[in-house]
Amino acid sequence: MRVGHGSADLPVPDGTPMGGYLDRPGPSAGSLDPLSVEAITWFDGERRFALATADVICVNEDLAHRVRSQARSLGCELWLAATHTHSGPETGCVPGGGPTPGPWLDRLSEVVSAAVRRAIDNERPGDGEARQGELHGVGADRSRPSAPAVVPLTVIAVHDRSEQDERVAGVLVVLPVHPTVLPATSRLVSADLAGAVRRALRARLGPDVWAVVATGAAGDISTRHTRRGQDAAELDRLAGMVADRCLELLREPPAHAWSAGSRVAWAARRLVLDPVAPGEEALAANPAELAAGLRAAEESGDPVTVRMARSRLEGVRARSARANPIGVHVHVARIGELSVAGLPGEPFLAVAGSITSKGPVMVLGYVNGYPGYLPTAEAYRRAEYEVLVSQVAPGSAETLAGAARQLLEDM
């Protein structure tokens, strides 16, 4: 097995509309840290699989289709995942999916292609080791403050076997936490928590070790109840906690992910999800009532309350205008003994927990499409923010998880 890593900067000009928050006070006005696309490739001598992460709010299907077509011309199967930073450019992130704005469709296609090409050029013989463990104090259920602040953390260490010292060449981290430390009032471009974790890992492992951070099933998990501030210092603190925990896991006995003679394989299935039916359970939110709630929130002056009320209203309006089913793709891959599931949109953490197979499993969110939030069926009984803005019917997340499990079994 040969493994490569490539990176390409994603510049954001001042004055660019930013994604993630409806109440952003204006377009981008400077940069806190650079955005990038990070790519990893695995080549078994016949087939090449690539995972790329982009510091954007979402990846719509039109963008995924273009970059995947470009990658196939390189003989490569590509998944493109958004880190879901809320401090990057607006890439057309609307519940149920939408078109990617023209400039970003072109720019991202170019940058993703550059990162994948560099990864292919950098491929070296390498094996991988997987560790999984609990991460405390960084992410928690954002709608239920009393829930434990514990999330799963996956770390894959890639060893360069072309060197006599068999050094660690890089790490892939799957972190199921919304990268939303910076506030809606910030107009500085940033990769937020994913970027800060990358920097923290490189600082601890050395400048020659690459780090890729993918966002897992983080639909209901964020730093809202764990962060102590919303600035660069808090980014560094939380990222340091993640990096330190990764180092602890790297010292524990590993499970083999892949070795020299391993093979790569992948599969996908297209599914059609039903939209939310009018009057369904707790989803029957009245737009007039939500508009009144927004006015009350604006009178309160609390920016978080205003943001949530505005998002609920916009989500329900979008839902009432939607009559067509929502098409999505579920992807799975095997890299040696490592099983990987790539889900679109924002699946709840419990959705990832329901996907099991033999050996280590990584579950990624925000992959190759954006249907919006994918709550568990149980969550639809609660009138929480994510449920009110979700565009898919109850049971959709379980359908996706079941498809992923079946695909993995069939492989």
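Buried means under 20% relative accessible area. The legends below describe a predicted model.

**View 1. Phe49 and Trp79 form an edge-to-face aromatic pair.** By the ring-pairing rule, the count comes to four aromatic pairs. In one of them, Phe49 and Trp79 lie 5.1 Å apart, centre to centre, with 90 degrees between their planes. This pair links distant parts of the chain. Phe49 belongs to strand 3 (residues 48-54) and Trp79 to strand 4 (residues 76-82), 30 residues apart. Trp79 has 0% relative accessibility, so Trp79 counts as buried. Phe49 is buried too, with a relative accessible area of 2%.

**View 2. Five rings gather in one aromatic cluster.** Phe49 and Trp79 appear again here. Trp42, Trp258 and Trp266 join them in the cluster.

**View 3. Glu129 is a buried residue in strand 5.** The strand covers residues 124-136. Glu129 counts as buried because its relative accessibility is 17%, and the cut-off is under 20%. Its side chain makes a polar contact with the side chain of His159, at 3.3 Å. Leaving aside residues up to four places away in sequence, Glu129 touches Val155, Ile156, Ala157 and His159. Pro254, Ala255 and Ala257 complete that list.

**View 4. Arg48 lies over the face of Phe43.** The distance to the ring centre is 4.1 Å.

**View 5. Arg107 sits over the ring of Trp104.** Here the charged end of Arg107 is 4.6 Å from the centre of the Trp104 ring.

How values were computed: Residues are numbered from 1 along each chain as its sequence is written. This is a predicted model: local features need pLDDT of at least 70, side-chain atom pairs count only at pLDDT 80 or more; totals for chains, interfaces and linings use all residues. Side-chain values use heavy atoms; hydrogens and water are left out. Helices (H or I, at least four residues) and strands (E, at least two) are DSSP runs, numbered from the N terminus. Buried means under 20% relative accessible area, exposed over 50%, partly exposed in between (1.4 Å probe, protein chains only). A polar contact is a pair of N or O atoms within 3.5 Å; within protein, one must be able to donate a hydrogen and the other to accept it, and residues adjacent in sequence count only if both atoms are side-chain atoms. Contact means heavy atoms within 4.5 Å. Rings of Phe, Tyr and Trp (its six-membered ring) pair if their centres lie within 6.5 Å; planes under 30 degrees apart count as stacked, over 60 as edge-to-face and the rest as tilted. A charge sits over a ring if NZ of Lys or CZ of Arg is within 6 Å of the ring centre and within 35 degrees of the ring normal.
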